[in-house]
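Me: I am new to this structure. Please take one part and go through it closely, in short sentences.

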Amino acid sequence: AALRLLGRLWQVPPLGADAVLALGADVPVCLTGAPCRMQGIGEVLTPVGLPPCWLVLANPGLPVASGAVFADLASRQNPPMPAPPAFPDADALATFLAAQRNDLEPPAIALVPRIADVIAALARQPGCRLARMSGSGASCFGLFADQPAALAAADHLRAAEPAWWVAAAPV
């Protein structure tokens, strides 16, 4: 968001793909501003259609060094994941995602065990279809089919864990 805002403010063209990727593997998808499948080191983006649903994002406020997570990665030679199909609803999305993996989750949890508590807390919320860590951590997400369940879950987590950053948002 900051890069887009500065580009508009300074009236400069968008950064080239190489410059964007040099800032970080997540920057290209963030600048896209739409759901995408990321491949490679973040430079290959394919748009993905998502059904109406909600996320609850939670972060315990603990730092997780991405370099340390990647250094502890068990294997870098994992098979590619399948292309996402069409998702008619949140349950179909949750079913597909449940069959996928985040190779960075085990090393991140080993470094910051509290991440497992965040995932478990999200998963316990009524209406949560799936809870996982996002990226290399420490942020986690819970997938919800509707706004009322997501807002209630976010309110409950904020009350139970006031030190955590928690937000609900539509996908």
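**Salt bridges around helix 7**

Reply: Begin just past the end of helix 7, where the side chain of Q125 reaches the backbone oxygen of A121 at 3.0 Å. Bear in mind that this is a predicted model. Q125 sits in the loop between helix 7 (114-123) and strand 4 (128-133). Is Q125 buried or exposed? Its relative accessible area is 7%, and the cut-off for buried is under 20%, so Q125 counts as buried. Which residues does Q125 touch, beyond its neighbours within four places in sequence? They are F144, A153, H156 and L157.

Now go back to the start of helix 7. R114 and D117 both lie in this helix. They are three residues apart, about one turn of the helix. Their side chains meet in a salt bridge, 3.2 Å from N to O. R114 has a second partner. Its side chain also meets that of E161 in a salt bridge, at 2.9 Å, N to O. This pair links distant parts of the chain. R114 is in helix 7, while E161 is in the loop between helix 8 (147-160) and strand 6. The two are 47 residues apart. Together, R114, D117 and E161 are linked in a network of salt bridges.

How open are these three residues? R114 has 30% relative accessibility, so it counts as partly exposed. D117 is partly exposed too, with a relative accessible area of 38%. E161 comes to 23% and is also partly exposed.

Next, follow the chain past Q125 into strand 4. R129 lies in this strand. The side chains of R129 and D91 meet in a salt bridge of 2.4 Å, N to O. Here again the pair links distant parts of the chain. D91 belongs to helix 5 (residues 90-98), and 38 residues separate it from R129. Both ends are partly exposed: R129 has a relative accessible area of 36%, and D91 has 38%. How many salt bridges are there by this rule? The count comes to five, including R114 with D117, R114 with E161 and R129 with D91.

One last stop is strand 6, which follows the loop that holds E161. A169 lies in this strand, residues 165-170. A169 is partly exposed, with a relative accessible area of 28%. Leaving aside neighbours within four places in sequence, A169 is in contact with W54 and L55. A169 and V56 are 113 residues apart in sequence, yet 6.5 Å apart in space, C-alpha to C-alpha.

Notes:
Residues numbered from 1 in each chain as written. Predicted model: local features only at pLDDT ≥ 70, side-chain atom pairs only at ≥ 80, totals over all residues. Heavy atoms only, no water. Helix = DSSP H or I, 4+ residues; strand = E, 2+ residues; numbered from the N terminus. Buried < 20%, exposed > 50% of the residue type's maximum accessible area, 1.4 Å probe, protein only. Polar contact = N/O pair within 3.5 Å; in protein donor to acceptor, adjacent residues only side chain to side chain. Contact = heavy atoms within 4.5 Å. Salt bridge = Lys/Arg side-chain N within 4 Å of Asp/Glu carboxyl O.
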